[in-house]
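Reader: I would like a close look at the nonpolar core of this chain and at the residues packed around it. Please keep the account connected, and say where the model should not be read in detail.

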Amino acid sequence: MKKLFLSLVAAGLLLSACNQSKTGSTAATTDSTATTTANAANAPVMKFEKESHDFGKIKTGDKVNYDFKFTNTGKSPLIISEAHATCGCTIPEWPKAPVKPGESGIIKVTFNSAGKTGLQDKQITVTANTVPAQTMVHLIGEVLTK
């Protein structure tokens, strides 16, 4: 009987301790959300002229290039940390220096159609200090056999 009573007391203390921890966590989450909202208002904004480009019909083995032009319409410098494509046949190049508010930049994308046939939709994911952190652009077209 003593063991049952001690087990119930221990369980009660454990539940009480867990409940207090959740209250502190909620307060921290609320503060974090307020900070994120305040930062989002001052965050850089990446605005693309075109979010997709159709390169039309090309032959297998051809390479096509396209420059995705963007402008930082936010209130702080835009820093692109990474840009990657859905496959190794598409290679993006992005500016390494910060893009100041009001200034423009280019993400140059090269698609190599070697070994590809049919309709292609290559997605390029750009990661930057924007809210949300990732923006996607598409390079689409059709690769014909020779």
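Author: What follows starts with the chain as a whole, goes on to the core, and then takes up single residues and bonds.

The model is predicted. Its mean pLDDT is 84, and 74% of the residues reach 70 or more. Residues 21–36 are the stretch to set aside: pLDDT stays under 50 there, and the model has 0 contacts for them beyond four places in sequence. Where pLDDT is low, the predicted coordinates should not be read in detail.

The chain has 1 helix and 8 strands, and along the sequence they follow the pattern α-β-β-β-β-β-β-β-β. Of its 146 residues, 29% count as buried. Among contacts with a separation of 6 or more, 66% join residues 24 or more positions apart. The accessible surface comes to about 9,400 Å², and 58% of that surface belongs to carbon and sulfur atoms.

The largest nonpolar core has 24 residues. Those with the most contacts inside this core are Met46, Phe48, Phe70, Ile80, Ile107, Phe111 and Val126. Two or more residues each come from β1 (46–48), β2 (52–59), β3, β4, β6 (104–112), β7 and β8. Strand β3 gives the largest share, 4 residues.

Ile107 shows how parts of the sequence meet at this core. Leaving aside neighbours within four places in sequence, Ile107 is in contact with Phe48, Phe70, Ile80 and Val126, among others. Those four are also listed with the residues that have the most contacts inside the core. The contacts of Ile107 further include Tyr66, Asp67 and Phe68, as well as a run from Pro92 through Glu93 and Trp94 to Pro95.

Leu78 lies in a loop, between β3 (63–72) and β4 (80–85). Despite that place in a loop, Leu78 is buried, with a relative accessible area of 0%. Which residues cover Leu78? Beyond four places in sequence, Leu78 touches Pro44, Met46, Phe70, Asn72, Ala97, Pro98, Val99, Ala128, Asn129 and Thr130. Of these, Met46 and Phe70 are also named with the residues that have the most contacts inside the core. Pro44 is 34 residues away from Leu78 in sequence, yet the two C-alpha atoms are 5.3 Å apart.

A polar residue is buried as well. Gln120 is in strand β7, and its relative accessible area is 10%, so Gln120 falls under the 20% limit for buried residues. The side chain of Gln120 reaches the backbone oxygen of Thr117 at 3.1 Å. Not counting neighbours within four places in sequence, Gln120 is in contact with Phe111, Leu139, Ile140, Gly141 and Val143. Phe111 is again one of the residues with the most contacts inside the core.

Two bonds deserve a separate mention. The structure holds 1 disulfide, formed by Cys87 and Cys89 with their sulfur atoms 2.3 Å apart. Cys89 is buried, at a relative accessible area of 12%. The other bond is the peptide bond from Val131 to Pro132, which is cis, with omega near 0°. Most peptide bonds are trans. Pro132 sits in the loop between β7 (118–128) and β8 (134–144).

Terms used: Residues are numbered from 1 along each chain as its sequence is written. This is a predicted model: local features need pLDDT of at least 70, side-chain atom pairs count only at pLDDT 80 or more; totals for chains, interfaces and linings use all residues. Side-chain values use heavy atoms; hydrogens and water are left out. pLDDT is the predictor's confidence in each residue, from 0 to 100. Contact means heavy atoms within 4.5 Å. Buried means under 20% relative accessible area, exposed over 50%, partly exposed in between (1.4 Å probe, protein chains only). A polar contact is a pair of N or O atoms within 3.5 Å; within protein, one must be able to donate a hydrogen and the other to accept it, and residues adjacent in sequence count only if both atoms are side-chain atoms. Accessible areas come from the Shrake-Rupley method with a 1.4 Å probe; for residues, only the protein chains shown count as cover. A disulfide is a pair of cysteine sulfur atoms within 2.5 Å. A nonpolar core is a set of buried Ala, Val, Leu, Ile, Met, Phe, Trp, Tyr and Cys residues joined through side-chain atoms within 4.5 Å.
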